[in-house]
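Student: I would like to learn how to read salt bridges in a model. Could we work through them together, with the structure in view?

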Amino acid sequence: MNRAFNRKKDKSWMHTPEALAKHYIAYNAKFLGNTEVEAPKGTEVVKDAVRKLKFQRHIKKSEGQKIPKVELQISIYGVKILDPKTKDVEHNCQLHRISFCADDKTDKRIFTFICKDSESNKHLCYVFDSEKCAEEITLTIGQAFDLAYKKFLESGGKDVETRKQIGGLQKRIQELETENAELKKQLQDLEEQLMIAHVPPVGSISTRQQSTDIFDMVPFSPVTPLVPVPASNGCPPPPPTTLPPDISKDLFGAEPFDPFTCGAADFPPDIQSKLDEMQEGFKMGLTLEGTVFSLDPLDGRC
């Protein structure tokens with residue numbers, strides 16, 4: 001297990017696991033913004049991002065714009081950035097996409113984290129002014145990541161391969177159902193053409209009955225989908241092939257979906273790419289770091 005917590009290993013976590021697993025920890029902060037960075041980790045990477053966003057914020061401040069206040073909600077499901085008044089979610093950063101957290105050792109206010117955007121797959125650096133809570137917030141994100149990774153291994157991570165196979169079978173069943181529908185349509189078209197031409201085929205009754213048995217969904221079997229199954233063989237009916245009704249929902253982003261407690265049947269056909277992406281993010285680990293971002297005059301205040 002590669003958690004990459006290369007800092008403060010002698011410090012215990014600040015919150016109970018239940019607080020982050022069943023609820024969330026809330027912090028108030030000022031949001032300087034986010035900017036794209038070239039790497040998922042690195043002190044110099046976040047230093048450049050902090051300088052850039054602080055410079056932009058000074059320009060906006062000179063124009064009369066205030067730094068927006070936000071509420072951070074940290075749990076095993078991610079870091080949500082909300083409007084403190086309306087509670088509208090402005091950003092939802094899933095934990096397995098967060099790869100680096102750092103706070104300023106000299107300022108005690110500025111902290112930042114790097115998160116991979118779910119749509120563009122770009123690495124974005126988020127920068128905040130947290131009123132002397134920077135280190136605590138960084139550690140809270142680290143604890144949430146640690147808990148989320150453990151729960152992923154206990155639930156989804158243990159049987160990833162099994163669930164991948166289930167996803168593959170679901171996709172194959174969909175393909176066979178589509179193929180079955182196309183073949184049945186072709187058969188109906190041929191029968192209509194024969195009826196129009198008034199040319200009854202030799203052995204049409206037995207051939208038609210045989211064809212109907214082959215392409216009828218009643219004897220269809222996911223194990224041997226292309227082999228006729230006699231109706232009198234006593235085999236139990238195959239399992240239902242209906243997909244979950246909420247298949248259009250995002251696997252790990254939408255609520256109230258719970259990736260740590262769901263059953264195999266809750267996964268849509270794209271389970272393989274989703275689980276691979278989640279597993280890859282957790283295996284990369286989260287690096288926590290305390291550093292001095294900058295000593296230039298702009299860092300005096302935001």
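**Reading the salt bridges**

Tutor: Let us begin with one residue, Lys87, which is partly exposed at a relative accessible area of 42%, where buried means under 20%, exposed over 50% and partly exposed in between (1.4 Å probe, protein chains only). This is a predicted model, in which local features need pLDDT of at least 70 and side-chain atom pairs count only at pLDDT 80 or more, while totals for chains, interfaces and linings use all residues. Residues are numbered from 1 along each chain as its sequence is written, and side-chain values use heavy atoms, with hydrogens and water left out.

Student: Which side chain meets that of Lys87 in a salt bridge?

Tutor: A salt bridge is a side-chain nitrogen of Lys or Arg within 4 Å of a carboxyl oxygen of Asp or Glu; here the partner of Lys87 is Glu71, at 2.4 Å from N to O. Lys87 lies in the loop between β3 (78–82) and β4 (89–93) and Glu71 in strand β2 (residues 69–75), so the pair ties together parts that are 16 residues apart in sequence. Strands (E, at least two residues) and helices (H or I, at least four) are DSSP runs, numbered from the N terminus.

Student: Is Glu71 buried or exposed?

Tutor: Glu71 is buried, its relative accessible area being 7%.

Student: How many salt bridges are found in the whole structure?

Tutor: The search finds eight, including one between Asp48 and Arg51, whose closest N and O atoms are 3.1 Å apart. Both of these residues lie in helix α2 (residues 43–62), three residues apart, about one turn of the helix.
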